[in-house]
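I opened this entry to keep track of what I looked up, one place at a time. My notes follow the order in which I went through the structure.

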Amino acid sequence: MKWTLASDVDGTLTGDRAALDRLAARLRNRQAAGDLYLIVSTGRRLAQVIEGLAEEGLPEPDAVLCQVGTEIYLPPLAAASRPMTSWRSRLLEEFSRQEALGFLEGIEGLEMQPDVYNTELKVSCYLDGCADPEAAAAEIRRRVAPCADRYQVVWSSGRDLDVLPAASGKGKAIRFLIEQEGLDPAGVVVAGDTGNDASMFEEFDRGVVVANAQP
Ligand code: GLC
């Protein structure tokens, strides 16, 4: 059976270089034998994945999901690679960055993430400067709830909040990709450690939550 492993990067693959080197060698063997399709599924942007491949020992993936499943890339990976058009245009149909920003208005202590993490399909901020980050996240969720057919909130690590298209996220991006590539959904195993990985566990039955996972 051909397995698909969809793994998060930070805190899931990274953190113990020696262990990652052993894992990467095993994954490489499985890929070479043709019985593993490896998806890297991350909040990073593509440039940081490429850097991780060169410097952090990340395993060579068969596909990369970046910016919390709002962008899909297939190799060859290069700084100038464009995300998969079919996924991007599907998400653009329902997402207005302007409207998404409106959900964040007036939240005291909220800080926008750097521009590189704010894309046409992802509005991202930090809430750890709020007096009560959990309450701030709950307020944003309450605002987004009536528009749940078009928007979703992803809340991670008590710090990062993303407003994404409802049809996106890591879980749904993996589902889209395996359909495109003709892979067996029953053979998908997901791995992660924090809030933006939750959608992978919701979408698929088999999962690995690493020991250092955040609640
Ligand atoms: C990654 C992304 C960031 C996002 C976070 C949680 O750190 O870079 O933009 O908020 O994941 O999804």
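I began with Gln-113, and, leaving aside its neighbours within four places in sequence, I found it in contact with Asn-118, Lys-122, Ser-124, Cys-125, Tyr-126, Asp-160 and Asp-162. I note here that I am reading a predicted model. When I looked up where Gln-113 sits along the chain, I found it in the loop between strand 5 and strand 6.

Is Gln-113 buried or exposed? Its relative accessible area is 8%, and because buried means under 20%, I entered Gln-113 as buried.

Next I turned to the strands on either side of that loop. Strand 5 and strand 6, the latter covering residues 123–126, run antiparallel and are joined by two bridges. Within this pairing I located Met-112, which stands opposite Cys-125 in strand 6. I then followed the pairing further and found that four strands make up an open sheet, with antiparallel pairing and the order 5-6-8-7. Its edges are strand 5 (111–112) and strand 7 (151–156), each of which pairs on one side only.

I also checked what lies across this part of the sheet, and noted helix 5 (residues 133–144), which lies across strand 7 and strand 8 (160–165) and runs at about 170° to strand 7.

Which residues are around the ligand? I listed Gly-43, Val-68, Gln-113, Tyr-117, Lys-122, Ser-124, Ser-156, Asp-160, Asp-162 and Asn-196, so that Gln-113, where I started, comes up again in this list. For Asp-162 I looked up the distance from an N or O atom of its side chain to an oxygen atom of the ligand, and it is 2.5 Å. The side chain of Asn-196 has an N or O atom 2.8 Å from an oxygen atom of the ligand, whereas for Gly-43 it is a backbone N or O atom that lies 3.2 Å from a ligand oxygen. The ligand taken alone exposes 310 Å², of which the protein buries 84%.

My last stop was Pro-75, in the loop between strand 4 (71–73) and helix 3 (85–92). Not counting residues up to four places away in sequence, Pro-75 touches Pro-61, Asp-62 and Ala-63. For one of these, Asp-62, I also looked up the C-alpha separation from Pro-75, which is 6.7 Å, although the two residues are 13 apart along the chain. The relative accessible area of Pro-75 is 42%, and I therefore entered Pro-75 as partly exposed, since that term covers values between 20% and 50%.

Key. Residues numbered from 1 in each chain as written. Predicted model: local features only at pLDDT ≥ 70, side-chain atom pairs only at ≥ 80, totals over all residues. Heavy atoms only, no water. Pairing = 2+ DSSP bridges. Contact = heavy atoms within 4.5 Å. Axes fitted to C-alpha atoms, helices over the stretch in contact; angles between N-to-C directions. Buried < 20%, exposed > 50% of the residue type's maximum accessible area, 1.4 Å probe, protein only. Near = heavy atom within 4 Å. Polar contact = N/O pair within 3.5 Å; in protein donor to acceptor, adjacent residues only side chain to side chain. Areas by Shrake-Rupley, 256 points an atom, 1.4 Å probe, with all protein chains shown as cover.
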